Amino acid sequence: MSRRFSLSRRAVLKGALGTAIGLPLLECMLDGNGTAHADGTSLPKRYFLFYCPTSLVTSGSRTEALTPTAAGAGYAITPVLQPLADRGVVPDVTVISGLFVPPIDAPGAYDSDHHGQAPYAVMTGVRSGWVEPQWRPQGWSADQLVVRALNPTTRLKSLYYQLDSQTGGTYLSYEQTQGFSDEPPIVYKQIEPQTSPTLGYRQLFTGFTPPGSMVDPQAELDLRLRKSSLSYAKDRLAALQQKLGANDRRTLDEHLTRVRTLEQRLLMTMPGTVTPACHDPMLPATDPADVSTDVPNQDARAALFVDLVEMAFACDLSRVITLGGASVMTGSGMRNPLWNMRGGLHGEVQHSGTQAELNAANRWFVDVYARCLARFKATPEGTGNVLDNTAALFVMEGGKGLTNDANRSGDGGGDPNHSLDHSVMMLGGRVGGLVPGRHLVLTGRDLHHGTVFNSVYQALGAQTQHGEIVGTVSELFS
Amino acid sequence: MRSVVAAALSLGCFACVGTLEGPRAEGPVPGAPSTVEAPTTAIPRASRRELERTVNSVFGLQGAALRNLPADAPSSVSPVTLAEEEVFDTLASTKEPTQVFVEGLESLAFEVARDWSANRAAVDSLAGCAPANGTTTDSACLGRLVEALAVRLWRRPATAAERDEVLAAAQPFAADGHYVSVRAVTASMLLAPEFVYRSELGATVAPGLVRLDNFELLTRLSAFLWGDAPTPDMLAALGPVELDDAALTSLVDAMLSDPRAQTQMRSFHQLWLRYPNLLIADAALATDMRAETDALVSRALTPGTSWQTLFTATQTFVTPALAAHYVLPSPGATAGWIDVAPPRAGVLTHGSFLSLSSTRITDTLPSRRGAMIARRALCQVVLPPPKDVNIDNGVPVPPGACKAESYAAHRARGSACAGCHATIDGVGFGFEPLDGQGRVRSSDEGNAACTLDGKGTAMGQPFTGAREFVTAQVDTITRCAVSNVLRFAYRDRFVPEDRVAQFHGAFRASNHDFAALMRAVALDPRFRLRVSDEGQP
């Protein structure tokens, strides 16, 4: 099914001759410790975020099945976290509980609309909802902060996938418009996720030549054709712009920018650093059934996205990846037989379903996260594996408000699932000195999710800060 | 101009609902009955559905656009209400060229060019020539192909300079053979903005007003009436002189007699009522329900049949399984039409439609359903709830209590929600005798002591049951449909009130012949015009 990498003598020769196609990272190319290249440059550092679009509890429940009871290492695996054990990644993940994002005007807080604004506050660390228009992020998202700080030289600066095929609502990745300056007026726009694994595959692997192999003449011709047509499109867009009014010119300007981004990617050569596991995953030509059908095959869709995420890292096509479960407020929602095909993950499961149904949903999302981590772990790199060089976050949309204090229980006058009190994140990987494998309880310290993001930035060597949030969680490194 | 609409709506905040038929200032426009409106784009982008039809028509390839392009936004935040509202896939303001879209378009162009160029007979047929020397690139023949593709993909003839530019872009592939060059020109022309963006530049006839040229008008017409590009024959028949009324009428009638018009009219109803997105977990039942509503839409579009039957029908099309689900008489061994009794009447009582407001498998949230019907069938703008209100659970109903009493108590408390509930609950409770899967019931789910009488109010009028609602409101529903047809046609969110009134009257006069409504909109002199902001900084 897949084209596995094998290193031929010819390939080694080609590599030695400096061909544009990258080569797998061999031990002989590393320093004595196997933790950096022989020339002293470090191995790639990677950022991965999985977004679980649910809370810990339903509207009618305050009892959840995700957060471990005991702190420290060796905690008892809970039913929802069981996939971590099933996939063999418990020692590679730290569970962080007791986080808090306030629904009041404060650094990194959200206004009273939980689903619309809380994800903005979490993902940017900038208070959301006090500046018009409210339904818009007010800062860079974490993935884009990493991109800006590290400026990776990969073919794709960042990737953003979403398991649920429904678009709209609140996304997880935001970029600044208006010329990308920090001068007002600053407007942040949501970046649209790729919801089709097939299209995601084409983006990554059309024209892909397995590292070290002969250049396929057909692939070479395909690439020439693509470059040529994009170049022509640029000229046409520029010509048409001259005839338009201001608003339409802006539209075509954005279109032109996107074309240039794509063109630049095609002009880039294959990365110089690839793991031996890099291969074309050969995804099918059509997507598995999504929610536009009567019986969506969410498992099959997720499996393909896991393949893509794995290979994007293994082939060093990107070092910054966000995999969202669903955008929030997606209306009819993300049906899945696992949660009784209820029409809306949001409306039906979180608000009207049973805690058992929500637990089933959360467990499924944890499993997708665990599958990604297991793949990273199984991908050798240097003397370790890709997970060793990755910070892999698991972020949830909501926690469990445990009080009727409006400043802790979220909107809706105490609906516990509309709260970011007692929130849980997970952080996998060992990049930059992260020490995983524990349950870290932060209850009572009112630490914002942004402190975990700041810790990730520190681990990645990214000189940036999560919006208004200062400080890190030092225990993640010790 | 939007602010006028906003102001009108803001006045309606206290009453929960407003209307999006916004008042717009009227002013003189030379050459046509005039309405001064907000500027609209000169480059409306085709929807994924429209691009799929065009790729299929031109290249005979199915699914390419659906596979490669992201779905059009089913909803967007209204600049007036700041709430997420359902929109047509044609709405121009939702068509931002995101990275996902642009990359999907490139993938579409690559795939179509590759697959179509492999069908040499089809290529030669469209070009009207074959390469003179086997597969060696024949630039003259390639030029003819570019001209033929321009008419089909750009919906107008290419100028000589444009043809030469395409050929120049393909020149580096000349040595690779004729059909590789075909790939190059096809991909380039699909990636050109002229393919995905319709040109409505027109010619300025008054400050801020342009009149579409013949090609632009024909393209607008075919997008509205077919959801597809015009045929080459129609384009070829156009001359430089502006189409007169007789020629335009002839064109529109020819389009309406084409099967594509029927497909488009069905698409409109699917996009408006959203019933294909029904929330029914049982796949077989969902298929039957979709077929039930499809059949009624087709019946309502049948010439000589009043379109209002879509809402007033006392017959429905069911399979034996669906009849059993509804507890109705079986149509026999196969699907067929059967009579139905009140409260059933038309599409609003179909399981497909009723399921759309569900947040639970069977039980209903009357406010949610009432808001859905108010929005979709009555064209009321239900303003968003206060931000500290979680609407997903509905009004809490204590164990043993009746839903109606709990909602009444909630309204009586006189909170900020009361005004809105008074409006939408009235509609929702009138439909309570129908559950979330279209089955008739006589009491609250799980509480037989709470009988359902179907008493409700809509637009200030009391009614009992869905059939009475439809009977009383069918004219409002019809006006709402007209309003939506105009939004669909003009790819805009707002439509002038006077225009809705005009076409509502014409629709009534035609005995509610839906094709006649489409025809009237298409032939309206204002359909040739566009308000522009060109020249503004």
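**Exercise 1.** How many disulfides does a search of the whole structure find over all chains?

*Solution.* The model is predicted. The search yields four disulfides over all chains. Among them is the pair B:Cys129 and B:Cys141, with sulfur atoms 2.0 Å apart.

**Exercise 2.** Determine the handedness and placement of the link between B:Cys129 and B:Cys141.

*Solution.* Step one: the S-S torsion is about 100°, so this disulfide is right-handed. Step two: B:Cys129 sits in the loop between helix 5 (120-127) and helix 6 (139-154) of chain B, while B:Cys141 belongs to helix 6 of chain B; the pair therefore ties together parts twelve residues apart in sequence. Step three: both cysteines, B:Cys129 and B:Cys141, are buried.

**Exercise 3.** Is the link of B:Cys402 and B:Cys450 right-handed or left-handed, and which parts does the pair tie together?

*Solution.* The sulfur atoms of B:Cys402 and B:Cys450 are 1.9 Å apart. A value of -85° about the S-S bond makes the link left-handed. B:Cys402 lies in the loop between strand 8 and helix 19 (403-412) of chain B, and B:Cys450 lies in strand 10 (residues 447-451) of chain B, so parts 48 residues apart in sequence are joined. Buried means under 20% relative accessible area; B:Cys402, at 15%, is therefore buried, and so is B:Cys450, at 2%.

**Exercise 4.** Describe the open sheet of chain A and the pairing of strand 2 with strand 9.

*Solution.* Eight strands follow the order 3-14-4-13-12-2-9-5, with mixed pairing. Its edges are strand 3 (72-73) and strand 5 (159-162) of chain A. Strand 2 (residues 46-52) and strand 9 (residues 320-324) of chain A run parallel, joined by five bridges; A:Tyr51 has A:Gly324 as its bridge partner. Helix 4 (residues 142-150) of chain A lies across both strands, at about 175° to strand 9.

Key:
Residues numbered from 1 in each chain as written. Chains lettered and ligands numbered in written order. Predicted model: local features only at pLDDT ≥ 70, side-chain atom pairs only at ≥ 80, totals over all residues. Heavy atoms only, no water. Pairing = 2+ DSSP bridges. Helix = DSSP H or I, 4+ residues; strand = E, 2+ residues; numbered from the N terminus. Contact = heavy atoms within 4.5 Å. Axes fitted to C-alpha atoms, helices over the stretch in contact; angles between N-to-C directions. Disulfide = S-S within 2.5 Å. Buried < 20%, exposed > 50% of the residue type's maximum accessible area, 1.4 Å probe, protein only.
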